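Visitor: I would like a close look at one single part of this structure. Please pick one and follow it through to its surroundings.

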Amino acid sequence: GNAAVTCKTDGRKLATIPPHCFIGELSFLLHVQDHKRNEQKQIPLKKASADVVAENKTIHVLEWDFDELRNIMSADRDLSNAFAVYSSHDMRNKLLTANAEGRRT
């Protein structure tokens, strides 16, 4: 099902995310970037900037541990590149959807 993303600070709906999209990919990419800068330190996860609230009673979620996924991707350049390409495509679609929803309100 779809999931509505609401801003944590004021409860304002930002966008509707269609099925089969990433949620939290920006947090993950920032975590990877922070880890590259500070490889010797344990990098704490930053708090998400928005909540994800399901509009339907049933949704399917796949969850990855950030550090585990980062380690897998650092060992497999093809996987890392594929993730970057798909993330870019996914983000583009979400931005287009959010902009279209913003024009309707």
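Guide: A residue counts as buried when its relative accessible area is under 20%; over 50% it is exposed, and in between it is partly exposed. Keep those cut-offs at hand. Keep in mind, too, that this is a predicted model.

Our part is helix α3. First, place it in the chain. The chain has three helices and three strands. Along the sequence, they come in the pattern β-β-α-β-α-α. Helix α3 runs over residues 77-104. That makes 28 residues, and the helix reaches 41 Å from its first C-alpha to its last. At 1.5 Å a residue, 40 Å is expected, so the span is close to expectation.

Which residues of α3 are buried? They are Phe-83, Ser-87, Asp-90, Lys-94 and Glu-101. Among the things that cover them are β2 (13-17), α1 and α2. For the chain as a whole, 24% of its 105 residues count as buried.

Now stop at Lys-94. Its relative accessible area is 12%, under the 20% cut-off, so Lys-94 is buried. Its side chain meets that of Glu-25 in a salt bridge, at 2.7 Å from N to O. The pair ties distant parts of the chain together: Glu-25 sits in helix α1, Lys-94 in helix α3, and they are 69 residues apart. Glu-25 is buried as well, because its relative accessible area is 6%. Why might two such side chains meet at all? Side chains of opposite charge can pair when their charged atoms come close.

Follow the bridge over to α1. This helix covers residues 25-37, which is 13 residues. Its ends are 19 Å apart, C-alpha to C-alpha, close to the expected 18 Å. Its buried residues are Glu-25, Phe-28, His-31, Val-32, Asp-34 and His-35. They pack against α2 (66-75) and α3. So the contact can be read from both sides: α1 also helps cover the buried residues of α3.

Helix α1 has a salt bridge within itself. Asp-34 pairs with Arg-37, and their closest N and O atoms are 3.8 Å apart. The two are three residues apart in the helix, so about one helical turn separates them. An α-helix has 3.6 residues a turn, so residues three or four places apart point the same way. The partners differ in exposure: Asp-34 is buried at 13%, whereas Arg-37 is exposed at 57%.

Next comes α2, another cover of α3's buried residues. Here Asp-67 and Arg-70 form a salt bridge, with closest N and O atoms 3.1 Å apart. Both lie in helix α2, three residues apart, or about one turn. Asp-67 is partly exposed at 25%, while Arg-70 is buried at 12%. Back on our helix, salt bridges that share partners join Glu-25, Asp-90 and Lys-94 into one network. In total, the structure holds four salt bridges.

What do the three helices line together? Each of α1, α2 and α3 supplies at least two residues of the lining of the second largest pocket. How much space does this pocket hold? About 330 Å³. Of its 14 lining residues, the closest to the centre are Val-32, Lys-36, Met-73, Ser-74 and Ser-80. By class, the lining has six nonpolar, four polar and four charged residues.

One last stop on α3 is Thr-97. Is Thr-97 buried, partly exposed or exposed? At 26%, Thr-97 is partly exposed. Its C-alpha is 7.5 Å from that of Thr-16, although the two are 81 residues apart along the chain. From Thr-16, look across to Val-52 in strand β3 (residues 50-54). Their C-alpha atoms are 9.6 Å apart, with their positions 36 residues apart in sequence. Val-52 is partly exposed, at 39%.

Such long reaches turn up in the contact count as well. Among contacts between residues at least 6 apart in sequence, 68% join residues at least 24 apart.

Note on methods
Residues numbered from 1 in each chain as written. Predicted model: local features only at pLDDT ≥ 70, side-chain atom pairs only at ≥ 80, totals over all residues. Heavy atoms only, no water. Helix = DSSP H or I, 4+ residues; strand = E, 2+ residues; numbered from the N terminus. Buried < 20%, exposed > 50% of the residue type's maximum accessible area, 1.4 Å probe, protein only. Contact = heavy atoms within 4.5 Å. 1 Å grid on protein atoms, 1.4 Å probe; cavity = no way out; pocket = protein on both sides within 12 Å on 5 of 7 lines; lining within 4 Å. Points joined across faces, edges and corners; volume = space filled by probe spheres on them. Nonpolar A, V, L, I, M, F, W, Y, C, P; charged D, E, K, R; others polar.
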